[in-house]
Amino acid sequence: MMNEMICFLCPNSCLLETVAEGTEIKVSGNLCTKGQEFAQKELTDPERVLTTTVRVRNRRELLSVRSDRPVKKAELSELVQKLKSFEVDLPIQIGQVLISGMGLNKVSIIATSDGDSKLNTKFAQ
Ligand code: SF4
């Protein structure tokens, strides 16, 4: 079966065509060898860096956060749901580890804002 996907590892954004032949995956359209690895990973064990927000205790703003490493794509929604019940207390430093050992990949959730920048906040619902 043939699939198409876009490699997002660099700005070239190669359109990859993949064909599964037994356990092997043939890839074409890639300008470099990373495209082969990317397609293999996407088709067998896709992962993404989790980016979301968490609540700040006693404030309306939300704090933007991300995982320090990719998480399994299949568990992204579950982890985002878990983070909805999590609250932090300010002050927070950018890069501060807020939670460790989340998900199958045991990632850390780190702050990507300090909670005080108007650019990095939005209102909680
Ligand atoms: S295949 Fe290589 S050149 Fe193409 S987008 Fe991926 S990393 Fe970039």
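Here is a friendly question-and-answer walk through a predicted model of one protein chain.

Student: Let's start with the layout. How many helices and strands are in the protein chain?

Tutor: From the N terminus on, the elements run β-β-β-α-β-β-β-β-α-β-β-β. Counting by type, the protein chain has two helices and 10 strands.

Student: What radius of gyration does the protein chain have, and how does that sit beside a compact globule of 125 residues?

Tutor: The C-alpha trace spans about 55 × 30 × 25 Å along its principal axes. A compact globule of 125 residues would have a radius of gyration near 14 Å, whereas this protein chain has 18 Å.

Student: Into which domains is the protein chain divided, and what distance separates their centres?

Tutor: Domain 1 covers 2-44 and domain 2 covers 51-120. Taken over C-alpha atoms, the separation of the two domain centres is 31 Å.

Student: In the open sheet of three strands, what is the strand order?

Tutor: S1 and strand S2 (residues 15-21) pair in the antiparallel sense over five bridges. S2 and S3 also pair in the antiparallel sense over five bridges. Put together, the open sheet has the order S1-S2-S3.

Student: Which strands are the edge strands there?

Tutor: The open sheet has the order S1-S2-S3, with antiparallel pairing. An edge strand pairs on one side only, and that description fits S1 and strand S3 (24-28).

Student: And what is the average twist from one strand to the next in the sheet with order S1-S2-S3?

Tutor: The pairing in this three-stranded sheet is antiparallel. Going from one strand to the next, the twist averages 30°.

Student: Which helix packs on that sheet, and what angle does its direction make with that of S3?

Tutor: The helix is H1 (residues 34-44), which touches S1, S2 and S3. Between the direction of H1 and that of S3, the angle is about 130°.

Student: Can we go down to residue pairs? Which residue in S2 stands opposite Glu4, and which residue in S3 is the bridge partner of Ala20?

Tutor: On the S1 and S2 side, Glu4 stands opposite Glu17. On the S3 side, the bridge partner of Ala20 is Ile25.

Student: How many of the five residues in strand S1 are buried?

Tutor: Across the whole protein chain, buried residues make up 18% of the 125 residues. Strand S1 (residues 2-6) is hardly covered, and its count of buried residues is zero.

Student: Is Ser13 buried or exposed?

Tutor: Ser13 is found in the loop between S1 and S2, and its phi is near 45°, a positive value in a residue other than glycine. The cut-off for exposed is 12 or fewer other C-beta atoms within 10 Å. Ser13 has 11 of them, so it is exposed.

Student: Lys106 also has a positive phi. What is its value, and is Lys106 buried or exposed?

Tutor: Lys106 lies in the loop between S9 and strand S10 (107-111), and its phi is near 50°. Because Lys106 has 10 C-beta neighbours inside 10 Å, it counts as exposed.

Student: Which residues make up the largest nonpolar core?

Tutor: In soluble globular proteins, nonpolar side chains tend to be buried together. Here the largest nonpolar core has seven residues: Val54, Leu62, Leu63, Val65, Val88, Ile109 and Ala111.

Student: Which element gives the most to this core?

Tutor: Strand S6 (62-67) and S10 are the elements that give two or more residues to it. The one that gives the most, with three residues, is S6.

Student: Leaving aside neighbours within four places in sequence, which residues is Ile109 in contact with?

Tutor: Ile109 belongs to the largest nonpolar core. With those sequence neighbours left aside, its contacts are Val65, Ser67, Leu83, Leu98, Ile99 and Met102.

Student: How many residues does the second, separate core have?

Tutor: Among its members are Cys7, Cys14, Leu16 and Phe38. The full count for this second core is six residues.

Student: One backbone question to finish. Which two residues does a cis peptide bond join?

Tutor: Look in the loop between strand S8 (87-88) and strand S9 (97-102), where Pro91 lies. Omega is about 5° for this bond, and the residues joined are Leu90 and Pro91.

Note on methods: Residues are numbered from 1 along each chain as its sequence is written. This is a predicted model: local features need pLDDT of at least 70, side-chain atom pairs count only at pLDDT 80 or more; totals for chains, interfaces and linings use all residues. Helices (H or I, at least four residues) and strands (E, at least two) are DSSP runs, numbered from the N terminus. The radius of gyration is taken over C-alpha atoms; the globule rule is 2.2 Å times the number of residues to the power 0.38. A residue is buried if 20 or more other C-beta atoms lie within 10 Å of its own, exposed if 12 or fewer, and partly exposed in between; C-beta atoms are placed from the backbone. Two strands pair if DSSP finds at least two bridges between them. Axes are lines fitted to C-alpha atoms, for helices over the stretch in contact, and angles run from 0 to 180 degrees between N-to-C directions. Two residues are in contact if their C-beta atoms, placed from the backbone, lie within 7 Å. Domain bounds come from an automatic or database domain assignment. A nonpolar core is a set of buried Ala, Val, Leu, Ile, Met, Phe, Trp, Tyr and Cys residues joined through C-beta atoms within 7 Å.
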